[in-house]
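User: Hey, I've got a model open here and could use a second pair of eyes. Can you walk me through it?

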Amino acid sequence: MTSGRAVSDIELNAYLDGELGAEERRVIEARLSEDAALAERMAQLRRINEQLRARYDPIVAEPLPASLEAALRRGRAWQRPRPWMQIAAAIVLLMIGGAGGYVLRGAALSEQIESASFVQDAVGAHAVYSVEVRHPVEVAASEEDHLVKWLTKRIGAEIRAPDLGTLDFRLMGGRLLAAEGQPAAQFMYEDKRGRRLTLYVRQADKMENTAFQFAEAGGVSAFYWIDRPLAYAIAAELPREELLAVSRLVYEQLD
Amino acid sequence: MDRREAIAAELPRLRRYARALVGEQGDADDLVQECLVRALRRHRQWRRGESPRKWLFAILHNVYVDGVRRRAKRPGHVTLEDAGEALGSRDSLDPAMGIDIERGLRVLSEEQRQTVLLVGLEGLSYAETADILGVPIGTVMSRLARGRERLRQHLQQGLDHRPPLTRIK
């Protein structure tokens with residue numbers, strides 16, 4: 001028997017679990033070949049894992065119980081009809097990378113990222129609420145005065161719901177949202193065909209004034225601009241030209 | 001791969017771990033159900049591209065710990081008769097072995113059992129196990145060594161019908 005420190009329980013287990021480096025493994029293997037009692041202990045430890053697997057592995061092959069299938073299906077129902085995370089992420093990439101979209105000229109990267117994140121929030125909010133059948137808005141258009149007063153107070157700057165009647169979009173109502181702890185207003189409009197668009201307004205924070213910026217991905221288009229102190233985004237599944245017309249009307253109305 | 005599909009793919013393993021952890025299939029499936037509900041609610045917290053396995057096992061662990069704290073402690077023992085019935089319906093090669101390892105697990109502390117199962121049954125690394133349990137790697141290693149040593153002795157007693165072996169230090 002060679003002289004050398006005893007192999008600790010921890011080392012033995014680490015060897016068994018493949019957690020040792022090559023050099024340490026060699027040392028243990030050498031000791032195992034010399035020390036029969038140690039080798040026997042190792043074999044018994046190995047048997048524990050083997051028995052665990054023999055006893056419980058069959059469960060992996062079993063079909064899922066009905067209750068779990070049901071929970072999965074219910075989870076399915078909560079999903080957006082379209083993968084808005086991918087859309088929102090794609091918009092962010094478009095804006096920062098400039099591939100086919102607009103990149104803020106002369107703006108620092110941090111500002112671009114803040115704008116990208118602002119648009120992502122607007123698009124995300126559009127995706128979440130525009131598909132709602134029962135509760136698309138929190139406060140209906142019938143209470144527009146109250147809605148506007150409330151949002152103005154929370155956001156800390158004058159908020160108004162533009163009149164988009166000339167383009168056949170009527171106001172459905174609005175809600176207050178939170179984006180990273182900041183309040184944001186969302187107005188929802190609908191045309192006779194049931195197409196919906198949302199106007200998303202937030203404090204501009206560090207973002208500087210811009211002209212119209214456009215982003216599109218996965219069928220959702222967004223125009224946004226900064227007109228300090230507020231940042232605006234219009235999101236909808238509309239062709240770009242139509243959305244541009246809407247955005248221009250919104251801009252004129254809020255000027 | 002769709003998030004839901006990726007989560008669904010992990011359910012069989014979660015069921016296996018839960019079964020070994022709580023000792024009874026009904027309770028185990030309740031645990032996995034609660035874990036699934038929580039995971040679907042928080043699916044945005046899981047970063048795309050990462051395997052959901054560690055994330056889901058961590059959720060299961062937290063749900064389990066919450067449940068243990070909340071409920072009055074129920075005996076998690078599988079009686080010999082219950083185990084016999086359960087095993088009768090499985091293709092277990094050696095029923096005696098199966099019962100033995102189950103009883104052995106019940107002898108361990110909660111922490112030892114979790115660690116032995118995550119590493120030995122689920123094949124998770126020490127680092128992943130440490131993350132899931134929210135403890136340092138050193139703690140994982142010592143709980144693992146102690147848990148397995150107790151199991152080793154338990155199984156040896158079963159095999160040899162001898163008094164406990166003296167510890168080799």
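Analyst: Sure. Keep in mind that this is a predicted model. One number to begin with chain B: residues 24 or more positions apart make up 65% of its contacts with a separation of 6 or more.

User: How many helices and strands does chain B have?

Analyst: Eight helices and zero strands. Reading from the N terminus, the order is α-α-α-α-α-α-α-α.

User: And what share of chain B counts as buried?

Analyst: 51% of its 169 residues. The accessible surface of chain B is about 8,400 Å², with 50% of that belonging to carbon and sulfur atoms.

User: Let's switch to the interface. How much area is buried between chain A and chain B?

Analyst: About 4,100 Å², and carbon and sulfur atoms give 62% of it. In chain A, the residues that lose the most area to chain B are Gln51(A), Arg55(A) and Tyr56(A), together 17% of what that side buries. The contact involves 38 residues from chain A and 44 residues from chain B.

User: What about polar contacts and salt bridges across it?

Analyst: The interface has twelve residue pairs in polar contact, counting pairs with both residues at pLDDT 80 or more. Between chain A and chain B there are four salt bridges. One of them pairs Asp57(A) with Arg16(B), with the closest N and O atoms 2.6 Å apart.

User: Which elements of chain A give two or more residues to that side?

Analyst: Helix 1 (9–16), helix 3 (36–56), helix 4 (58–61), helix 5 (66–78) and helix 6 (84–97) of chain A. Helix 3 of chain A gives the most, with eleven residues. By class, the side of chain A that touches chain B has 18 nonpolar, eight polar and twelve charged residues.

User: I'm looking at Gln156(B). Which side chain does Gln156(B) join in a polar contact?

Analyst: That of Gln44(A), at 3.5 Å. Gln156(B) sits in helix 8 (residues 137–160) of chain B.

User: Why does Gln156(B) count as buried?

Analyst: Because its relative accessibility is 10%, and the cut-off for buried is under 20%.

User: OK, back to salt bridges. What does Glu102(B) pair with?

Analyst: Arg19(B), at 3.4 Å from N to O. Glu102(B) is in helix 5 (residues 95–107) of chain B and Arg19(B) is in helix 1 of chain B, so the pair ties together parts 83 residues apart in sequence. Glu102(B) is buried at 2% relative accessible area, and Arg19(B) counts as buried too, at 4%. Salt bridges with shared partners also join Arg55(A), Arg19(B) and Glu102(B) into one network.

User: Anything else in helix 1 of chain B?

Analyst: Yes, Arg13(B) and Glu10(B) form a salt bridge, with the closest N and O atoms 4.0 Å apart. These two are three residues apart in helix 1 (residues 3–22) of chain B, so about one helical turn separates them. Arg13(B) is partly exposed at 28%, whereas Glu10(B) is buried at 7%.

User: How many salt bridges are there over all chains?

Analyst: The count is 22. Among them is Lys192(A) with Asp168(A), at 3.7 Å between the closest N and O atoms. Lys192(A) lies in the loop between strand 3 (182–190) and strand 4 (196–203) of chain A, and Asp168(A) in the loop between helix 8 (144–155) and strand 2 (170–179) of chain A, so the pair ties together parts 24 residues apart in sequence.

User: Is Lys192(A) buried or exposed?

Analyst: Exposed, with a relative accessible area of 77%. Asp168(A) is partly exposed, at 48%.

How values were computed
Residues numbered from 1 in each chain as written. Chains lettered and ligands numbered in written order. Predicted model: local features only at pLDDT ≥ 70, side-chain atom pairs only at ≥ 80, totals over all residues. Heavy atoms only, no water. Helix = DSSP H or I, 4+ residues; strand = E, 2+ residues; numbered from the N terminus. Buried < 20%, exposed > 50% of the residue type's maximum accessible area, 1.4 Å probe, protein only. Contact = heavy atoms within 4.5 Å. Areas by Shrake-Rupley, 256 points an atom, 1.4 Å probe, with all protein chains shown as cover. Buried area = accessible area lost by both parts, 1.4 Å probe. Salt bridge = Lys/Arg side-chain N within 4 Å of Asp/Glu carboxyl O. Polar contact = N/O pair within 3.5 Å; in protein donor to acceptor, adjacent residues only side chain to side chain. Nonpolar A, V, L, I, M, F, W, Y, C, P; charged D, E, K, R; others polar.
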